[in-house]
Amino acid sequence: MTRRSVLKSVMTLGAAYAIPTIIPASVLGANAPSKRIVLAMIGTGNQGTNNLKGFLQLPDVYVRAVCDVNRASYGYKTADQYLGREPAQQIIDDFYSSMNLNASIRNCFACTDYREILARPDIDAVVITVPDHWHAVMAVAAARAGKDIYCEKPLALTISEGRRIVEAVRLHGVVLQTGSHERSNRQSRFACELVRNGCIGRLRRMIAIVGPNNKTAPARDWTPQPVPDGFEYDRWLGPAPYAPYHPDRCLYNFRFNLDYSGGQTTNYGAHSIDLAQWGNDTERTGPIEVEDLGGEFPSDGLFTAPTKIHFRALYANNVELICKTGPEDVQIRFEGDRGWVQTGYRGFSCWPENLQTAVFGPDDIRLGDSANHYRDFIDAVKSRGIPAAPAEIGHRSATVCHLGNIAMLLKCKLRWDPDRERFDNDDQANRLLSKPYRAPWRI
Ligand SMILES: NC(=O)c1ccc[n+]([C@@H]2O[C@H](COP(=O)([O-])OP(=O)(O)OC[C@H]3O[C@@H](n4cnc5c(N)ncnc54)[C@H](O)[C@@H]3O)[C@@H](O)[C@H]2O)c1
């Protein structure tokens with residue numbers, strides 16, 4: 001697709017919206033924001049605000065626009081977080097207020113419809129930090145509009161959506177970084193490098209830990225609540241099935257409901273299982289078998305995501321992965337026939353202990369050098385290179401999590417073909433590879 005045809009499709013997409021004039025560099029001077037990568041944030045809640053603050057730190061980035069269906073409210077991850085579209089806009093305006101810019105350029109654009117963002121020719125890249133049920137619709141539309149994409153993990157709500165994102169990114173030649181930021185963590189990378197270089201002998205087993213649900217489910221006899229002012233609930237639901245409003249369904253809490261998320265399996269698994277895939281050198285493929293080991297789901301109520309996660313996956317190289325709910329201290333433990341290594345939020349440990357100080361030689365396998373996931377994305381945007389967590393890798397890691405959920409839901413063992421991305425001879429399981437979209441939303 002040529003730049004002209006991309007622009008043409010953007011213009012068609014944006015026909016219903018006012019498209020702003022592109023800001024000429026001459027208006028802005030030597031350190032012009034127009035010489036930087038211009039970003040828009042789509043979703044400015046709990047993690048969107050973290051992403052915003054991270055990108056603002058980069059001197060060659062200019063955050064120009066925000067989009068969120070929530071104007072502003074308390075009630076995100078913690079009760080005292082006041083987040084949403086207007087607080088994010090304020091953070092940006094405050095940040096740039098010290099720069100000697102014309103107010104019409106300096107002031108951050110804000111909207112509730114992401115299509116307005118995609119229609120703007122002055123936006124180079126979008127940061128998608130909305131609940132998982134929106135990732136694929138937005139990411140594919142962004143790729144079609146020629147925007148580079150930082151998309152939060154898990155890459156998609158279903159396996160088939162993830163593949164659609166990978167295809168769209170390839171077709172339109174855009175850069176996509178999945179928000180699996182352990183790929184830019186030196187400690188995590190070192191653990192994977194030890195494994196990949198045979199320092200613990202032959203890899204046998206990987207144990208990926210996912211944190212427990214950190215919010216209490218609402219009472220089983222919950223009743224619908226009035227939608228708060230400033231919250232566009234129907235657009236929040238988007239492609240998900242219609243359901244009456246309740247605060248425990250939406251901001252932050254979406255991750256406990258399978259209509260919007262894969263629960264903690266995909267929430268934490270998109271980090272810990274991503275490391276398993278990396279250490280096992282299977283990051284562009286997947287396991288061949290997945291088996292429920294006693295996962296548990298709520299029997300009724302508003303929360304539907306698993307309350308206890310426990311499954312096993314087997315790879316073609318005979319390495320097994322156990323994923324289970326546990327304390328968040330350890331994310332991943334690799335066990336080989338000559339040692340082990342584990343890493344997580346409480347640090348790194350290994351046996352033999354002297355592996356801690358291992359130094360790799362020029363012929364050893366190294367897994368990159370990214371130390372800042374945002375920086376790495378912007379560098380890839382500029383060089384048109386491959387970021388630390390590109391679409392295929394993000395999709396494959398999320399796939400393992402989805403496979404675990406499917407095996408736990410069906411309470412069985414399933415054969416998986418990672419090339420065809422289908423279960424062998426199991427129609428019921430294959431039906432869970434995708435979910436229907438509520439009209440008018442579609443990819
Ligand atoms: N990389 C990480 O470590 C990390 C950490 C937390 C969350 N996340 C990911 O970030 C995503 C968001 O999670 P969160 O905890 O920030 O959720 P959140 O509910 O706090 O924030 C999501 C925001 O998206 C907005 N939104 C919803 N639908 C929208 C739409 N159609 N258009 C515009 N805005 C919309 C909501 O109003 C909300 O403000 C999830 O995919 C989650 O897995 C990643």
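In this predicted model, the largest share of the shell around the ligand comes from helix 7, which contributes four residues. Helix 7 does not act alone in this respect, for helix 3 (46–56), helix 7 and helix 10 (233–237) each supply at least two residues of that shell.

It is worth looking at helix 7 itself before turning to the ligand. Helix 7 runs over residues 132–144, and its 13 residues reach 19 Å from the first C-alpha to the last, which is close to the 18 Å expected at 1.5 Å a residue. Is this helix enclosed by the rest of the structure or open to the outside? Twelve of its 13 residues are buried, and therefore helix 7 is largely enclosed by the rest of the structure; a residue is called buried here when its relative accessible area is under 20%. Among these buried residues are Asp132, His133, Trp134 and His135, as well as Ala143 further along the helix. After helix 7 comes Gly146, which has a positive phi, near 80 degrees.

We can now move to the ligand, which sits in the largest pocket. There are 30 residues around the ligand, and those that come nearest are Gln47, Asp68, Tyr76, Asp132 and Tyr252.

Some of the surroundings can be followed down to single atoms. Trp134 has a polar side-chain atom that lies 3.2 Å from a nitrogen atom of the ligand, while a polar side-chain atom of His181 lies 2.9 Å from an oxygen atom of the ligand. With Arg235 the partner is a polar backbone atom, and the distance to a nitrogen atom of the ligand is 3.4 Å. Taken on its own, the ligand has 850 Å² of accessible area, and the protein covers 96% of it.

Technical notes: Residues are numbered from 1 along each chain as its sequence is written. This is a predicted model: local features need pLDDT of at least 70, side-chain atom pairs count only at pLDDT 80 or more; totals for chains, interfaces and linings use all residues. Side-chain values use heavy atoms; hydrogens and water are left out. The expected span of a helix is 1.5 Å times one less than its number of residues. Buried means under 20% relative accessible area, exposed over 50%, partly exposed in between (1.4 Å probe, protein chains only). A residue is near a molecule or strand if one of its heavy atoms lies within 4 Å of it. A polar contact is a pair of N or O atoms within 3.5 Å; within protein, one must be able to donate a hydrogen and the other to accept it, and residues adjacent in sequence count only if both atoms are side-chain atoms. Accessible areas come from the Shrake-Rupley method with a 1.4 Å probe; for residues, only the protein chains shown count as cover. On a 1 Å grid over the protein atoms alone, a cavity is a set of points where a 1.4 Å probe fits but cannot get out, and a pocket is an open set with protein on both sides within 12 Å along at least five of seven lines; lining residues have an atom within 4 Å of a point. A molecule sits in a cavity or pocket if more than half of its atoms lie within 2 Å of its grid points.
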